[in-house]
Amino acid sequence: MDRYAKALAAGRNFPPIRAALVGGVLVLVDGWHRLAAHQAIGATHVEATITEASAEEARWLAAEANLAHGLPLKTRELPDAFRAFVKAGRYRATDRPGGRPRLLSYRAIAKALGPVAHTTVRNWMQKDFPKIAKEYGGEAGPLEGPPPREDPEDHFAQAARDLIRQAVTAARGVRDPDRRGAIIGAAEEALRELREGGAWKPPLPEEF
């Protein structure tokens, strides 16, 4: 926040903060540090983008903003983010404007949430939204007994993808050509080791 405040005082412009209008009340969903920096320098106005939303949609917009900034949700935050995602209707999407909505795959939902396996998303859907789970061909009601154990490889694969995304996000902050070259060299060496480490096949589009 201090760094942002100094940049604002020096005349630098920042992207607008984002707020949701929920029942006539403005709720900040993205831009906590930018808002605090404006307050720190005594500014009385800040540019904002405002979207009308339900409480569930606002919760998801806040979680989505965190993910967009490369900040994975904490484990305890994931179930709430999932429920906000579903209640906001984000589990459906259209391939083109005016097209018929379709169900997102569990893998696509897991990717949107960040560090979670698609089998966990399936279990959450069956437990919290049994009617929607039925559309996926899952159980009609809540799961009985303990949920099925997850494949350990799902956990490791998801963790690897999350770390790669975090590494790319961190690398965007490096401008020095020598340092960027070292990062790219390390990435190419890691990719070579992955290719040579065992059989593999190109992923489906939803698994990227």
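Here are four short exercises with worked solutions on the predicted model shown above.

**Exercise 1. Get an overview of the fold: list how many helices and strands there are, and in what order they come.**

Step 1. Start with the inventory: the protein has nine helices and five strands.

Step 2. Now walk along the chain from the N terminus, and you will read α-β-β-α-β-α-α-β-β-α-α-α-α-α.

Step 3. Add the burial: 26% of the 208 residues count as buried.

Step 4. Finish with the contacts. Taking those with a separation of 6 or more, 58% join residues 24 or more positions apart.

**Exercise 2. Describe how helix H1 packs against helix H2, giving the angle, the handedness and the residues that meet.**

Step 1. Find helix H1 at residues 2–9 and helix H2 at residues 32–40; their axes come within 8 Å and cross at roughly 55°.

Step 2. Classify the angle. Values from 65 to 115 degrees would be roughly perpendicular and those under 35 roughly parallel, and H1 and H2 are therefore oblique to each other.

Step 3. Look at the handedness: H1 and H2 cross in a right-handed sense.

Step 4. Pick out the partners. H1 brings Tyr4, Ala5 and Leu8, while H2 brings His33, Arg34, Ala37, His38 and Ala40.

Step 5. Sort these contact residues by type, and you get five nonpolar, two polar and one charged.

**Exercise 3. Decide whether Lys6 is buried or exposed, and work out how far its C-alpha lies from that of Ile41.**

Step 1. Place the residue: Lys6 belongs to helix H1.

Step 2. Apply the cut-off. Exposed means over 50% relative accessible area, so Lys6, at 64% relative accessibility, counts as exposed.

Step 3. Compare sequence with space: Lys6 and Ile41 are 35 residues apart along the chain, and their C-alpha atoms are 8.4 Å apart.

**Exercise 4. Map the largest nonpolar core and follow the contacts of one of its residues, Val86.**

Step 1. Recall the background: nonpolar side chains tend to be buried together in soluble globular proteins.

Step 2. Look for the best-connected members. The core has 22 residues, and those touching the most other members are Phe82, Val86, Ile109, Leu113, Val121 and Met125.

Step 3. Trace the elements: two or more residues each come from helices H3 (55–68), H4 (78–87), H5 (106–113), H6 (118–128) and H7 (130–135).

Step 4. Ask who gives the most: H4 has the largest share, with six residues.

Step 5. Zoom in on Val86. Setting aside neighbours within four places in sequence, Val86 is in contact with Tyr91, Met125, Phe129 and Ile132.

How values were computed
Residues are numbered from 1 along each chain as its sequence is written. This is a predicted model: local features need pLDDT of at least 70, side-chain atom pairs count only at pLDDT 80 or more; totals for chains, interfaces and linings use all residues. Side-chain values use heavy atoms; hydrogens and water are left out. Axes are lines fitted to C-alpha atoms, for helices over the stretch in contact, and angles run from 0 to 180 degrees between N-to-C directions. Helices (H or I, at least four residues) and strands (E, at least two) are DSSP runs, numbered from the N terminus. Angles under 35 degrees count as roughly parallel, over 145 as roughly antiparallel, 65 to 115 as roughly perpendicular and the rest as oblique. A crossing is left-handed if the near helix is turned anticlockwise from the far one by less than a right angle, and right-handed if clockwise. Contact means heavy atoms within 4.5 Å. Ala, Val, Leu, Ile, Met, Phe, Trp, Tyr, Cys and Pro count as nonpolar, Asp, Glu, Lys and Arg as charged, and the others, Gly among them, as polar. Buried means under 20% relative accessible area, exposed over 50%, partly exposed in between (1.4 Å probe, protein chains only). A nonpolar core is a set of buried Ala, Val, Leu, Ile, Met, Phe, Trp, Tyr and Cys residues joined through side-chain atoms within 4.5 Å.
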